[in-house]
Amino acid sequence: MNATYLPVDYLPVLIQLGLALGFIVTTMLVTHNIGPKRHSQKKDDPFECGIPVQGDARTPISIKYFLIAILFVLFDVEVIFLYPWAVNFKGLGMTGFIEMVLFMGLLLAGFYYVIRKGILNWE
């Protein structure tokens with residue numbers, strides 16, 4: 001089945017996207033303009049789960065925290081790619097298997113690099 005898609009075929013998607021964005025913008029503007037505006041010391045005070053605010057919010061945080069968080073997200077997203085492959089394993093045949101071995105090899109090479117650099121060593 002060779003179907004040729006024309007730009008006009010995507011018009012319903014663009015219309016729906018435009019309507020969704022229009023609804024969001026309109027809702028935000030209307031609620032901002034007609035909502036109550038009562039300011040007081042108690043209401044404008046920062047609130048964190050009932051705990052009184054102490055100190056400055058801009059305290060330095062170790063870069064290790066951000067590196068581990070980014071690596072977690074990166075490797076977690078990579079695992080998501082395994083599910084469609086596992087579902088279609090028989091249908092993909094040997095080509096799909098070789099591609100996944102290559103994918104996993106690159107993923108493990110990246111993981112080896114991370115361990116070699118000592119990024120996961122928390123001090």
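Helices here are DSSP runs of H or I with at least four residues, and they are numbered from the N terminus. By that rule, Tyr-10 lies in the segment before α1, which covers residues 11–34. The model described in this report is a predicted one.

**Overall fold**

The protein has five helices and zero strands. Followed along the sequence, the pattern reads α-α-α-α-α. The helices named in this report include α1 (11–34), as well as α2 (41–44) and α3 (63–80).

The radius of gyration of the protein is 25 Å, whereas a compact globule of 123 residues would have a value near 14 Å. The C-alpha trace spans about 70 × 55 × 20 Å along the principal axes.

**Surface and charge**

How much of the protein counts as buried? Of its 123 residues, 7% do. The exposed area of the protein is about 11,700 Å², and 70% of this area is supplied by carbon and sulfur atoms.

Part of the surface forms a nonpolar patch of about 930 Å². Its members are Tyr-5, Tyr-10, Leu-14, Leu-17, Leu-21, Phe-23, Ile-24 and Met-28. Patches are made of residues with over 30% relative accessible area. Tyr-10, one of the patch residues, has a relative accessible area of 47% and is partly exposed.

The protein carries 9 positive and 9 negative charges. The mean positions of these two sets are 5 Å apart.

**Three residues by accessibility**

Buried means under 20% relative accessible area, exposed means over 50%, and partly exposed is in between. The table applies these classes to three residues.

| Residue | Relative accessible area | Class |
|---|---|---|
| Tyr-10 | 47% | partly exposed |
| Asp-45 | 44% | partly exposed |
| Lys-42 | 74% | exposed |

Why does Lys-42 count as exposed? Lys-42 is exposed because its relative accessible area is 74%, and the class begins over 50%. Asp-45 counts as partly exposed because its relative accessibility is 44%, a value in between the two cut-offs of 20% and 50%.

**Positions and distances**

Where is Lys-42 found? Lys-42 is in helix α2. Lys-42 and Ile-68 are 26 residues apart in sequence, and their C-alpha atoms are 37 Å apart in space.

Asp-45 sits in the loop between α2 (41–44) and α3 (63–80). From Asp-45 to Val-114 there are 69 residues in sequence and 42 Å in space, C-alpha to C-alpha.

Definitions and conventions: Residues are numbered from 1 along each chain as its sequence is written. This is a predicted model: local features need pLDDT of at least 70, side-chain atom pairs count only at pLDDT 80 or more; totals for chains, interfaces and linings use all residues. Side-chain values use heavy atoms; hydrogens and water are left out. Helices (H or I, at least four residues) and strands (E, at least two) are DSSP runs, numbered from the N terminus. The radius of gyration is taken over C-alpha atoms; the globule rule is 2.2 Å times the number of residues to the power 0.38. Buried means under 20% relative accessible area, exposed over 50%, partly exposed in between (1.4 Å probe, protein chains only). Accessible areas come from the Shrake-Rupley method with a 1.4 Å probe; for residues, only the protein chains shown count as cover. Lys and Arg count as positive and Asp and Glu as negative; His and the chain ends are not counted. The place of a charge is taken as NZ of Lys, CZ of Arg, CG of Asp or CD of Glu. Patches are made of residues with over 30% relative accessible area and no salt bridge: like charges are joined within 9 Å, nonpolar side chains (Val, Leu, Ile, Met, Phe, Trp, Tyr) within 5 Å. A salt bridge is a side-chain nitrogen of Lys or Arg within 4 Å of a carboxyl oxygen of Asp or Glu.
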